[in-house]
Amino acid sequence: MNTNTDRRVAVIGLGAMGGAMAATLRQAGWNVTGFDPSEAARAAAAEAGIATTANIADLAGTPYAVLSLPAANVVEATVPQLLAPGTVAIVDTTTSEPATSRLMASLAEAQGAAFVDAPVSGGRDGAATGTLSAFVGATDAALAAAEPVLLALTGGKYSHIGGPGSGNVVKLLNNVLAAANLVSVGEALGVAKAYGIDPAKAAASISEASGGSKVSANMYPNWVLSGTHDSGFSLGLMARDAALAVEVAARIGENPALLAAVASQWQEALAALGPRADFTEIARTVAPTITPAGAPNAGAPASTAPNSTNGSTTAA
């Protein structure tokens, strides 16, 4: 059991997810300091009562740290800046790469600290209420060291998948399955509409049967059929995760053909809609007749991806 009583925690990445997690930790009694290279993200966190710094070096040696970053290469650049005497555990909620997590875990262990890959699911609402679920990859000792932070963020709703990196593998598989479901449900509802059936009624009926899922029960009614597309998770990040899941499989000689086809569809949607589009806007390319906005305008310029840690967020 972790016996450390120092409640100081650094949150690195103050975007939609990181900012909400910082607020949750503060409400749970933690002494939180946040960092993000974006001045706007720091200002938003400060308005929520979070202490911030513009210099990540100020956070070296903080007993606990939570990372909410956009990619594995940012994790690799960040962790060495945090590890110092006094560091107990770093909890990485980034949807990252398993090799990166294994490397960071070894680096932390060599300095007497713990590193846990704990990519999360539950979106902004889960982050704001401390009810996220997490896919945890860690040694038993590292998990014990990081558990106080994990409990604050998830209320105990985390799964210890296996050793370092395993949390990332399962999170990537989760996301590519969600990506596949978003495509398949959209196509199915498009067929229903072509038959003159209200897509909302079709989605509700399917959701009570064996073909139902969170995608049919919640994502399509709330974000697609309504036209709001405000999940808070970008199409660019989901396209990245789907592609990365297939790449991770290929590295060990696996060839998931259906998932690879789905990843290709997400790349096509990315080209049509741009990385800043909401991930639920995939429906506009696979089933444009059921979305209020219809098919994307092929002549419109794609937006550019954000170059900041505050671009990081997590799929629902």
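**Entry 1: Thr100**

In which helix is Thr100 found? I located Thr100 in helix 4, which covers residues 98-110. I note at the outset that this is a predicted model. I then looked up whether Thr100 is buried or exposed. Thr100 is buried, because its relative accessible area is 4% and the cut-off for burial is under 20%. For its contacts, I left aside neighbours within four places in sequence. On that basis Thr100 is in contact with Ala72, Val75 and Glu76.

**Entry 2: helices 10 and 11**

I next examined helix 10, residues 235-251, against helix 11, residues 257-273. Their axes come within 9 Å and cross at roughly 150°. Helix 10 is therefore roughly antiparallel to helix 11, as angles over 145 degrees are classed that way. The crossing of helix 10 past helix 11 is left-handed.

Which residues make the contact? From helix 10 I listed Leu235, Gly236, Met238, Ala239, Ala242, Ala243 and Val246. From helix 11 I listed Leu259, Ala260, Ala263, Trp266, Gln267, Ala269, Leu270 and Leu273. Sorted by class, the contact has 13 nonpolar residues, two polar residues and no charged ones.

**Entry 3: nonpolar cores**

I looked up the largest nonpolar core and found that it has 40 residues. Those with the most contacts inside it are Leu182, Leu189, Tyr220, Met238, Trp266, Phe279 and Ile282. Of these, Met238 and Trp266 also appear in the contact between helix 10 and helix 11.

Which helices each supply at least two residues of this core? I recorded helix 7 (166-194), helix 8 (199-207), helix 9 (214-224), helix 10, helix 11 and helix 12 (283-286). Helix 7 gives the largest share, ten residues.

I followed Leu182 in particular, not counting residues up to four places away in sequence. Leu182 touches Val215, Met219, Tyr220, Trp266, Phe279 and Ile282. Another core, of 35 residues, lies apart from this one. Its members include Leu25, Ala118, Ala142 and Leu143.

**Entry 4: Gln265**

I returned to helix 11 for Gln265, which lies in that helix. Gln265 is partly exposed, with a relative accessible area of 24%. Which residues does Gln265 contact, leaving aside its neighbours within four places in sequence? I found Val183, Glu187, Ile282 and Val286. Ile282 is also touched by Leu182.

Lastly, I checked Gln265 against Pro148. The two are 117 residues apart in sequence and 40 Å apart in space, C-alpha to C-alpha.

Notes: Residues numbered from 1 in each chain as written. Predicted model: local features only at pLDDT ≥ 70, side-chain atom pairs only at ≥ 80, totals over all residues. Heavy atoms only, no water. Axes fitted to C-alpha atoms, helices over the stretch in contact; angles between N-to-C directions. Helix = DSSP H or I, 4+ residues; strand = E, 2+ residues; numbered from the N terminus. Parallel < 35°, antiparallel > 145°, perpendicular 65-115°, else oblique. Left-handed = near helix turned anticlockwise from the far one by under 90°. Contact = heavy atoms within 4.5 Å. Nonpolar A, V, L, I, M, F, W, Y, C, P; charged D, E, K, R; others polar. Core = buried A, V, L, I, M, F, W, Y, C linked by side-chain atoms within 4.5 Å. Buried < 20%, exposed > 50% of the residue type's maximum accessible area, 1.4 Å probe, protein only.
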